[in-house]
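Trainee: I would be grateful for a close look at one part of this model, the place where two helices pack together. Please then carry the description onward into the rest of the fold.

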Amino acid sequence: MPETPRYPRIRVSGGPYERGRLYGDAARDRVHRSRAGYETAFARAAGLSWEQAVAAAAPLEAAIAAVFPAYVEEMRGIADGARLSFADVLTMNARTEVMWAATARQAASLRAAHARECSSFALLPSRTAGRHTLAGQNWDWLVHGFDTVVVLEVEQDDAPNYVTVVEAGLLAKTSMNSSGLAIATNALVTSADRGEPGLPYHVVLRALADCHTLTDAANVVQRHWRSSSANYLLAHRDGTAINLETAPGDHSQVYPLLPADGALVHTNHFLSPLREVTDVSLYAMADSLVRLQRVQAAISAADRPATVGSLREALSDHADYPYSVCSHPDVRAGADERWATVTSVIMDLDERTVWLSDGNPCRHPHRPLTFDGLLDKPSPL
């Protein structure tokens, strides 16, 4: 695999449209690579042309605008800055709904052969060497992701400032904000994932970046109709964390988990019993089982408080290779069906530092990113 260059950092400010425009302009080449990668992914995983994917995503615009119109403006800005259509950017931000709806309809028969996703964690002060709150994840995705990741640093007047490690053109992914909140995440899929109108997964992730507290974040997830399943692992620098497994729908399809012995670990299947829906996640992402036990085991030693170094070791684990915590392309798969750990993120909420690997963490040691006071903005609470 060719050496991965350092992922670019982009800082934006202004109103929603202007922030989006600056982001789209600065990341234009990578946004276009995201769009091209998804055109291929939709065809391969869902049997959809780009035009069909755009049509599937279009009804989600009204659902977003009804709750978070500013995020529609951000997407319009991204589109104009990147010189794409708004429909292109909306479709990329609805990629989960488009792909997983096809998976649910087809009983995962198309995507299951190669789906591999993410491993996330949060550790409370009782479990860390510096008594800091740490959170993060490995983000596993199709290898085109090596050419699309950016570190987006956002300054805004009416909400917390935030940093998100994200595919160019998407609103948010793994994030930390100036109010002390960190967001990690995992894909999930159930029999109810049909792409019906609601808030898309990546719009929910964007809304979480605007939250001041864990309760604010729980309310975002519970009080709005969600279009897809997902797992949201949330931590705060006051030493608290929650995990919210969700299926499409309202609060009745939210399944909370709390830390056990100061730790939360999640991969790509439900740990809670489900109501009214069937978990398709393990059928689609069978490697989730091994990854869960390996990360849990790596951080479970009470006599070994976690450090950034020990977490890098855990996130570089190769048990069950290539379907490992540190995921590598399966040489048996076609060139456009290969997955890898595109980046690994460790967030120190107390130091307001993001440790980032520019590719597989086994090959690219996490480098510290600090943000020149961006995350020092005081919370109004």
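Mentor: In this predicted model, the residues of α4 that take part in the contact are Glu-61, Ile-64, Ala-65 and Val-67, and they meet Pro-69, Tyr-71, Val-72, Met-75 and Arg-76 of α5. Sorted by class, this contact has 7 nonpolar and 2 charged residues, and no polar ones. Two packed helices are described by the angle between their axes and by the distance between those axes. Here helix α4 covers residues 60-67 and helix α5 covers residues 69-82; their axes lie 5 Å apart and make an angle of about 125°. The two helices, α4 and α5, are therefore oblique to each other.

The sheet comes next. Its 8 strands form an open sheet with mixed pairing, in the order β1-β4-β5-β6-β7-β8-β9-β10. At the edges stand β1 (9-12) and β10 (254-257), each of which pairs on one side only. From one strand to the next, the twist averages 20°. Helix α9 (residues 214-222) packs on this sheet, where it touches β7, β8, β9 (240-246) and β10, and its direction makes about 5° with that of β9.

Strands of a sheet pair through backbone hydrogen bonds, in either a parallel or an antiparallel manner. Both arrangements meet at β4. Strands β1 and β4 run parallel and are joined by 4 bridges, with Arg-11 standing opposite Glu-153 of β4. By contrast, β4 and strand β5 (residues 162-167) run antiparallel and are joined by 6 bridges; there Val-151 stands opposite Val-165 of β5. Strand β4 itself spans residues 149-154, and 6 of its 6 residues are buried. Both of its faces are covered: Val-149, Val-151 and Glu-153 are buried on one side, and Val-150, Leu-152 and Val-154 on the other. Glu-153, which faces Arg-11 in the pairing, is thus among the buried residues of β4.

Elsewhere in the sheet, strand β7 (residues 181-187) pairs with strand β8 (residues 230-236) in the antiparallel sense, over 7 bridges. One position in this pairing is Ala-184, whose bridge partner in β8 is Leu-233.

A further strand, β13 (residues 353-357), contains Ser-357. This serine is buried, with a relative accessible area of 0%. Setting aside neighbours within four places in sequence, Ser-357 is in contact with Tyr-7, Val-342, Thr-343, Ser-344, His-364, Pro-365 and His-366. Ser-357 and Arg-312 are separated by 45 residues in sequence and by 9.3 Å in space, C-alpha to C-alpha.

The cysteines remain to be considered. A disulfide is a covalent bond between the sulfur atoms of two cysteines, and the rule applied here asks for sulfur atoms within 2.5 Å. By this rule, the model has 0 disulfides. The sulfur of Cys-326 is 3.7 Å from the closest cysteine sulfur, that of Cys-362, which is too far for a bond. For Cys-118, the closest cysteine sulfur belongs to Cys-326 and is 13 Å away, again too far for a bond. Cys-118 is buried, with a relative accessible area of 4%, and Cys-326 also counts as buried, at 0% relative accessibility.

Technical notes
Residues are numbered from 1 along each chain as its sequence is written. This is a predicted model: local features need pLDDT of at least 70, side-chain atom pairs count only at pLDDT 80 or more; totals for chains, interfaces and linings use all residues. Side-chain values use heavy atoms; hydrogens and water are left out. Buried means under 20% relative accessible area, exposed over 50%, partly exposed in between (1.4 Å probe, protein chains only). Axes are lines fitted to C-alpha atoms, for helices over the stretch in contact, and angles run from 0 to 180 degrees between N-to-C directions. Angles under 35 degrees count as roughly parallel, over 145 as roughly antiparallel, 65 to 115 as roughly perpendicular and the rest as oblique. Contact means heavy atoms within 4.5 Å. Ala, Val, Leu, Ile, Met, Phe, Trp, Tyr, Cys and Pro count as nonpolar, Asp, Glu, Lys and Arg as charged, and the others, Gly among them, as polar. Two strands pair if DSSP finds at least two bridges between them.
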